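Please walk me through this structure in running prose, beginning with a single residue and widening the view step by step to the chain as a whole.

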Amino acid sequence: MIKYSLVKRRNLRHPEQPRKFSASAQSMKTLTLEILAKYIRFHRCAYKEGDFIVITRMLKEGYRVELDDLGVFYLTLGCEGAESRETFNPDKHIKEVRVNWAPGEAFENIREGITFEETIDRRTERKLLRMGRNEESKDGIILRRNRLTT
């Protein structure tokens, strides 16, 4: 199940238009590479733990990495512009390296079989966490053992 919160957003292409509500996916947890590797080993997936380490190295060497039906991983750069070609300095002007992913066939119909459930937004969640455990907010949302329920 995919949990989402509703966020009122402006259309960046048409900022003069009124803001509209959009769904924003809420991740419940982040899987570390170690946990993912254990999952792969347990379920005898086609990929092994070392595959992910090799993928990172290959990306750093400038390769695009295709993982069959999973898709292609590749890097892009976030840069600050230089006045001329001669004054461009990669250490100064390249501000970030981003890992991008172009999904493969395994993700073509990813929406099929997914159900959706509205949840609170991250800002409200942080406020509730600050309030403490087992306290009820004005909205009737109760925080128990670091889990939010309504």
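In this predicted model, His93 belongs to helix α3, which covers residues 90-93. With a relative accessibility of 5%, His93 counts as buried, because the limit for that class is set at under 20%. Once neighbours within four places in sequence are left aside, the residues in contact with His93 are Gly78, Cys79, Glu80, Gly81, Ala82, Thr87 and Phe88.

One of those contacts, Glu80, leads on to a pairing of charges, since the side chains of Glu80 and Lys95 meet in a salt bridge with an N to O distance of 3.8 Å. This pair links distant parts of the chain, with Glu80 placed in the loop between β4 and α3, Lys95 placed in strand β5, and 15 residues separating them in sequence. The partners fall into separate accessibility classes: Glu80 is partly exposed at a relative accessible area of 38%, whereas Lys95 is exposed at 53%, so that Lys95 passes the cut-off of over 50%.

How many salt bridges are counted in total? The count comes to two, and besides the pair just described there is a salt bridge between Arg98 and Glu96, whose closest N and O atoms are 3.2 Å apart. Here Arg98 is partly exposed, with a relative accessibility of 37%, and Glu96 is also partly exposed, with a relative accessible area of 40%.

The strands β4 and β5 come up again when the nonpolar surface is considered. Leu75, Leu77, Val97 and Val99 make a nonpolar surface patch of about 350 Å², and the elements that each give two or more residues to this patch are β4, residues 71-79, and β5, residues 94-103. Leu75, which sits in strand β4, has a relative accessible area of 32% and is therefore partly exposed; the same value lets Leu75 qualify for a patch, because patch residues need over 30%.

Charged residues form patches of their own on the surface. What gathers in the patch of negative charge? Its members are Glu66, Asp68, Asp69, Glu105 and Glu108. Of these, Glu105 can be placed in the loop between β5 and β6, the latter being residues 116-118, and Glu105 is exposed, with a relative accessible area of 57%.

A patch of positive charge is formed on the surface by Arg122, Arg123, Arg126, Lys127 and Arg130. Arg126 has its place in helix α4, which spans residues 122-131, and at a relative accessibility of 45% Arg126 counts as partly exposed, because this value lies between the limits of 20% and 50%.

Arg122, a member of the positive patch, is also among the residues that Ser24 touches. Ser24 is part of strand β2, residues 20-26, and with 13% relative accessibility Ser24 counts as buried. Not counting residues up to four places away in sequence, Ser24 touches Lys3, Tyr4, Ser5, Val7, Arg9 and Arg122. For Lys3, the separation from Ser24 is 21 residues in sequence, while the distance in space between their C-alpha atoms is 8.5 Å.

With these local settings in place, the view can widen to the chain. The protein chain contains four helices and eight strands, and, read along the sequence, these elements follow the pattern β-β-α-α-β-β-α-β-β-α-β-β. The chain has 150 residues, and 13% of them count as buried, with His93 and Ser24 as examples of buried residues. If one takes the contacts between residues at least 6 apart in sequence, 33% of them join residues at least 24 apart. Finally, the accessible surface of the protein chain comes to about 13000 Å², and carbon and sulfur atoms account for 50% of that area.

Note on methods: Residues numbered from 1 in each chain as written. Predicted model: local features only at pLDDT ≥ 70, side-chain atom pairs only at ≥ 80, totals over all residues. Heavy atoms only, no water. Buried < 20%, exposed > 50% of the residue type's maximum accessible area, 1.4 Å probe, protein only. Contact = heavy atoms within 4.5 Å. Patch = residues over 30% accessible without salt bridge, like charges linked within 9 Å, V, L, I, M, F, W, Y side chains within 5 Å. Areas by Shrake-Rupley, 256 points an atom, 1.4 Å probe, with all protein chains shown as cover. Salt bridge = Lys/Arg side-chain N within 4 Å of Asp/Glu carboxyl O. Lys, Arg positive; Asp, Glu negative; His and termini not counted. Charge placed at Lys NZ, Arg CZ, Asp CG, Glu CD.
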